[in-house]
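Colleague: Before I use this model, I would like to go through the labels attached to it and hear the reasoning behind each one. Could we take them one at a time?

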Amino acid sequence: MKLEVELRNLQNLIIECQRCPRLVDYLKDISKHKPKRYRDWDYWSKPLPSFGDPDARVLIVGLAPAAQGGNRTGRMFTGDRSGEWLFNALFKFGFANQPNSLRRDDDFKLNDGYITATIRCAPPQNKPLPEEIENCRPYFLKELDLLKNIKVFIPLGQIAFTQILKTLRQMGLGVPPLAFGHGKVYPLPNGQTIITTYHPSQQNTQTGKLTRPMFYQIFKLVRNKLKVRS
Ligand code: SF4
């Protein structure tokens with residue numbers, strides 16, 4: 001089966017998922033209580049599929065959809081503040097065709113990049129429960145199985161970093177204990193590399209914990225890593 005079809009089938013499966021009752025209820029609740037500024041929006045409020053270039057060498061792993069962002073528009077990071085930061089950096093370093101994306105039906109496209117998340121349903125207070133992360137891991141495992149060209153993982157934050165490590169170990173890769181921090185570069189035994197960053201959440205960007213130069217630095221490291229390998 002063609003890779004595009006397999007990825008689409010997986011995404012269709014994800015959209016129907018109801019493994020986490022707390023999150024299913026929460027998504028319904030978000031649609032019923034829209035803030036005024038979005039009251040005309042028909043909220044997606046389902047699990048979000050991943051998206052991007054099936055031949056991507058770079059896999060960006062977020063935490064979870066934002067309740068009023070990706071969960072509203074139906075595409076990861078689309079229409080939220082974290083997405084503004086992420087898409088801006090991806091565009092600047094040649095991984096996207098536009099510097100931002102506000103709706104899922106715009107022409108935003110990733111080039112050599114793919115975006116997924118630790119869990120695919122928006123959790124209350126952006127805090128998934130451990131069992132919800134476990135529930136969602138099989139989808140990530142399947143994505144890693146399908147995306148054969150991945151050379152660099154970019155986990156956005158510690159939870160995504162842990163999800164990557166656990167998934168790779170589950171796949172049988174001997175990954176030693178690794179510490180999270182911003183800008184860590186971890187070569188893996190299979191030739192892939194993890195390059196870490198703080199999550200571009202408002203909590204980090206508004207407090208200066210993550211600045212634009214710090215975030216751009218990550219993509220500079222990624223570009224250099226891809227150059228060495230190509
Ligand atoms: S978080 Fe993942 S496992 Fe849980 S309901 Fe959403 S898609 Fe399913």
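## Labels and their grounds

Modeller: Let me begin where α4 starts, since there a side-chain oxygen of aspartate 80 comes to within 3.3 Å of the backbone nitrogen of serine 82. The model is a predicted one, and this pair counts as a polar contact because the cut-off for N or O atoms is 3.5 Å.

Colleague: How do you know that the span of helix α4 agrees with its number of residues?

Modeller: Helix α4 covers residues 81-92, which is 12 residues, and at 1.5 Å a residue these should span 16 Å. The C-alpha atoms at its ends are 17 Å apart, so the two values agree. Just after α4, glycine 94 takes a positive phi of about 80°.

Colleague: Which residues of α4 are buried?

Modeller: They are Ser82, Gly83, Trp85, Leu86, Phe87, Ala89 and Leu90, with serine 82 also providing the backbone nitrogen approached by aspartate 80.

Colleague: What makes the phi of serine 45 worth a remark?

Modeller: Most residues other than glycine have a negative phi. Serine 45 is not a glycine, yet its phi is positive, at about 45°, and the residue lies in the loop between α2 (21-32) and β1 (51-52).

Colleague: Why does serine 45 count as buried?

Modeller: Its relative accessibility is 15%, and the label applies under 20%, so serine 45 counts as buried.

Colleague: Where is phenylalanine 77 found, and why is it called buried?

Modeller: Phenylalanine 77 is in the loop between α3 (70-73) and α4, and because its relative accessible area is 10%, it is buried. Phenylalanine 77 also has a positive phi, of about 65°, although it is not a glycine.

Colleague: What makes arginine 137 a buried residue?

Modeller: Arginine 137, found in helix α5 (residues 130-146), has a relative accessible area of 5%, and is therefore buried. In sequence it is 19 residues from threonine 118, while in space the two are 7.2 Å apart, C-alpha to C-alpha.

Colleague: Which residues surround the ligand, and how do they divide by character?

Modeller: The ligand is surrounded by Cys17, Arg19, Cys20, Leu23, Pro47, Ile119, Arg120, Cys121, Asn135 and Cys136. The shell divides into 7 nonpolar, 1 polar and 2 charged residues; cysteine and proline count as nonpolar and arginine as charged. The space that the ligand takes is the largest cavity.

Methods
Residues are numbered from 1 along each chain as its sequence is written. This is a predicted model: local features need pLDDT of at least 70, side-chain atom pairs count only at pLDDT 80 or more; totals for chains, interfaces and linings use all residues. Side-chain values use heavy atoms; hydrogens and water are left out. A residue is near a molecule or strand if one of its heavy atoms lies within 4 Å of it. On a 1 Å grid over the protein atoms alone, a cavity is a set of points where a 1.4 Å probe fits but cannot get out, and a pocket is an open set with protein on both sides within 12 Å along at least five of seven lines; lining residues have an atom within 4 Å of a point. A molecule sits in a cavity or pocket if more than half of its atoms lie within 2 Å of its grid points. Helices (H or I, at least four residues) and strands (E, at least two) are DSSP runs, numbered from the N terminus. The expected span of a helix is 1.5 Å times one less than its number of residues. Buried means under 20% relative accessible area, exposed over 50%, partly exposed in between (1.4 Å probe, protein chains only). A polar contact is a pair of N or O atoms within 3.5 Å; within protein, one must be able to donate a hydrogen and the other to accept it, and residues adjacent in sequence count only if both atoms are side-chain atoms.
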